[in-house]
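Visitor: I should like to learn how salt bridges are read from a model. Please take me through the matter step by step.

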Amino acid sequence: MKVVLTIVIFFGVMTSFAQDVMIMRSGKEENVRVEEVGSESIKYKKMDNLDGPTYVVPKADVFMIKYANGAKDVFNVQANMSNQPIVMYDKKSPVLAWFFSFLLAGGGQYYNGDYGKGALMTGVEVASLIGMVVSAANMYPYDSYSYYGNRTTSMGAEAAMLAFTAIYFANSLWSMIDAPVRAGEINRSRGLMSWDVGKKANLSLCPDLQLTSTFGQNTTFAPSYGAKLTLKVR
């Protein structure tokens, strides 16, 4: 009888001292006794005050619970982060940027999102084209006293024609050079660097985020940031 009573007391004492470990996403660890794991929250008591109040913490703030019996509950990180906005960036093609600028001065800038610069280049192209047309029309002024007109060119109109032509080609060249260079800068600033290695392989460097770290059998919430180099073979 004494043996049975001793065993009951022993296990009662051990149970009272059994504790769960709750690891928060912030990295903080607490010794608790978990009362309830719900769909949205977790109820627990602090081990240093088991007769005290019952605490409630959002489940999204908890990374893992290590129970006294050795079992573990690791809560889905991705599910808890699903309500956070994710920004996706498209890679800009320098070739497309150049081609759009070839078709229209400022076209590659519109493609890159540089709308102000694109509008300026397009405006310069339109203005220079209008200037070229007007200069060409005034280059050979019509003489009403001559049936064939005055074949003497106007020096002012000829100079204006050369000036507008130079502005037109300089502006187009500026747009075609700036667009692919700017596309490359955008890709580098977003970490979207990639290179074709041969005809069937692509090497890319992208940002990488690791939310957990594992040491032995222990898994903890420890965000770490870095870069990932990927080789894709097509």
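Guide: The turns below deal with salt bridges and with the exposure of their partners. This is a predicted model, in which local features need pLDDT of at least 70 and side-chain atom pairs count only at pLDDT 80 or more, while totals for chains, interfaces and linings use all residues. Residues are numbered from 1 along each chain as its sequence is written, and side-chain values use heavy atoms, with hydrogens and water left out.

Visitor: How many salt bridges does a search of the whole structure find?

Guide: Side chains of opposite charge can pair when their charged atoms come close. A salt bridge is defined here as a side-chain nitrogen of Lys or Arg within 4 Å of a carboxyl oxygen of Asp or Glu. By that criterion, the whole structure contains six salt bridges. One of them joins Lys43 to Glu36, with 3.8 Å between the closest N and O atoms.

Visitor: Are Lys43 and Glu36 buried or exposed?

Guide: Relative accessible area decides this: buried means under 20%, exposed over 50%, and partly exposed in between (1.4 Å probe, protein chains only). Lys43, at 34%, is partly exposed, and Glu36, at 41%, is also partly exposed.

Visitor: Which residue forms a salt bridge with Arg182?

Guide: The partner of Arg182 is Asp114, and their closest N and O atoms lie 3.1 Å apart. This pair links distant parts of the chain, 68 residues apart: Arg182 belongs to helix H6 (residues 155-189), and Asp114 to the loop between helix H4 (107-112) and helix H5 (115-139). Helices (H or I, at least four residues) are DSSP runs, numbered from the N terminus. Arg182 is partly exposed, with a relative accessible area of 27%, whereas Asp114 is buried, with 16%.

Visitor: Where in the chain are Lys117 and Asp178, which also pair?

Guide: Their side chains meet in a salt bridge at 3.3 Å, N to O. Lys117 lies in helix H5 and Asp178 in helix H6, 61 residues apart, and the pair links distant parts of the chain. Lys117 counts as partly exposed at 31% relative accessibility, whereas Asp178 counts as buried at 16%.

Visitor: Which residues do salt bridges with shared partners join into one network?

Guide: The network consists of Asp114, Arg182 and Glu185.

Visitor: Is Asn187 buried or exposed?

Guide: Asn187, found in helix H6, is buried because its relative accessibility is 6%. The C-alpha atoms of Asn187 and Lys92 are separated by 6.4 Å, although these residues are 95 residues apart along the chain.

Terms used: Helix = DSSP H or I, 4+ residues; strand = E, 2+ residues; numbered from the N terminus.
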